[in-house]
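Here are a few worked exercises to go through with the model open on your screen. Try each task yourself before you read the solution.

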Amino acid sequence: MGSHEEIKIEDDFFVLRFQNDSDETSHFEREVNTDLIQFHFGLKGRAKFIFNQGRYALDLREEVSLFLYNPQKELPVHLEIAPHSWVISVLISIKKFHSFFSEEADYIPFLSSENIDKKYYKDDRINPSMAIALNQLFNFNLHQSIRKLYFKGKVYELLSLYFNRAEDANTEQCPFLVDEDNVIKIRKAKDIVIANMAEPPGLQELADQVGINLKKLKMGFKQIYGDSVYSFLFDYKMEYARKLLDSGTYNVNEVGLRIGYSTASHFIAAFKKKFGTTPKKYLMSLNANA
């Protein structure tokens, strides 16, 4: 039905990830104190925030952010996440947030003295720099011990980019990413290789399918997803294989065939490279812990 995860960055500072890859709408509810500011980012698909027992709703569309704050009234998170939709939310206390901008508070509209106790609402487009940081919160390959540190760094980066009024941060390093059309094309390329994971297209064919040149595809994919196209796909396939094994519905040979390995030995070698154990031993560990 979809999954959600809450990561505590610091006291009164949380990141919530919602990933609904199912064909049904998923629901999430969480109490939120009045001293917490809410940032919500629609990465993929769509979602809806429900307020006042369903009497009022706010849509969150793909590539759009919502910024909510009301010191006079609690705004609990009641979220409906449409099928095949991803959302990132950041909750942070006003006190913690003030500390980020103590010397530049006048540049942040809702922190000005006349607005300090007023409710605040803003929706805005997610720019390409923010899209990269957001996607990296879903696509990473890290040891568990540094995961929290990674999230902390990415969320600080995300908030910096949200309030940045200067030119796009990636303009000098990767000029084509200023063109949001190319970011959309790279996302489409990612969707294509996942949909065809058993027989993915070649890089040139993939570039032609989404209408981008090969160099920009390679550079942009690594910028957004942190890895090359096929390294990203390898990690995705192995995670998908692990979930299939977890389900108890498929044997090792069947899982290998579903993700594109014609021989079991090749799948076993790939699985061991990723997880340090064979699929059979992994299944045995699941049964031992059952």
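**Exercise 1. Find which backbone nitrogen a side-chain oxygen of Asn127 reaches at the start of H2, then work out how covered the helix is.**

Step 1. Go to the start of H2: a side-chain oxygen of Asn127 comes to within 3.1 Å of the backbone nitrogen of Ser129. That fits a polar contact (a pair of N or O atoms within 3.5 Å; within protein, one able to donate a hydrogen and the other to accept it, with residues adjacent in sequence counting only if both atoms are side-chain atoms). Helices here are DSSP runs of H or I with at least four residues, strands are runs of E with at least two, and both are numbered from the N terminus.

Before going on, keep in mind that this is a predicted model: local features need pLDDT of at least 70 and side-chain atom pairs count only at pLDDT 80 or more, while totals for chains, interfaces and linings use all residues. Residues are numbered from 1 along each chain as its sequence is written, and side-chain values use heavy atoms, leaving out hydrogens and water.

Step 2. Now check H2 itself, residues 128–136: 9 of its 9 residues are buried. Buried means under 20% relative accessible area, exposed means over 50%, and partly exposed is in between (1.4 Å probe, protein chains only). Among the buried ones are Pro128, Met130 and Leu134.

Step 3. Look across from Asn127 to Val183: they sit 56 residues apart in sequence but 9.8 Å apart in space, C-alpha to C-alpha. Val183 belongs to helix H4 (residues 180–195) and is buried at 6% relative accessibility.

**Exercise 2. Which residues have the most contacts inside the largest nonpolar core, and which element gives the largest share of it?**

Step 1. A nonpolar core is a set of buried Ala, Val, Leu, Ile, Met, Phe, Trp, Tyr and Cys residues joined through side-chain atoms within 4.5 Å. The largest one has 31 residues, with Ile37, Phe39, Phe41 and Ile88 making the most contacts inside it.

Step 2. Trace the suppliers: elements giving at least two residues each include strand E4 (36–44), strand E9 (85–93), H2 and helix H3 (144–163). H3 gives the largest share, 7 residues.

Step 3. Don't miss the second, separate core of 28 residues, which includes Ile186, Val193, Met197 and Leu233.

**Exercise 3. How do H7 and H9 cross, and what kinds of residues meet there?**

Step 1. Two packed helices are described by the angle between their axes and the distance between the axes. The axes of H7 (residues 229–247) and H9 (residues 264–275) come within 10 Å and cross at roughly 100°. Axes are lines fitted to C-alpha atoms, for helices over the stretch in contact, with angles from 0 to 180 degrees between N-to-C directions.

Step 2. H7 and H9 are therefore roughly perpendicular, a label that covers 65 to 115 degrees.

Step 3. Contact means heavy atoms within 4.5 Å. Phe234, Met238 and Leu245 are among the H7 residues involved, and Phe267, Phe271 and Lys274 are among those from H9. The contact divides into 8 nonpolar, no polar and 5 charged residues.

**Exercise 4. Is Thr278 buried or exposed?**

Step 1. Thr278 lies in the loop between H9 and helix H10 (279–289).

Step 2. Its relative accessible area is 19%, so Thr278 is buried.

Step 3. Leaving out residues up to four places away in sequence, Thr278 touches Ile268, Phe271 and Lys272.

How values were computed: Angles under 35 degrees count as roughly parallel, over 145 as roughly antiparallel, 65 to 115 as roughly perpendicular and the rest as oblique. Ala, Val, Leu, Ile, Met, Phe, Trp, Tyr, Cys and Pro count as nonpolar, Asp, Glu, Lys and Arg as charged, and the others, Gly among them, as polar.
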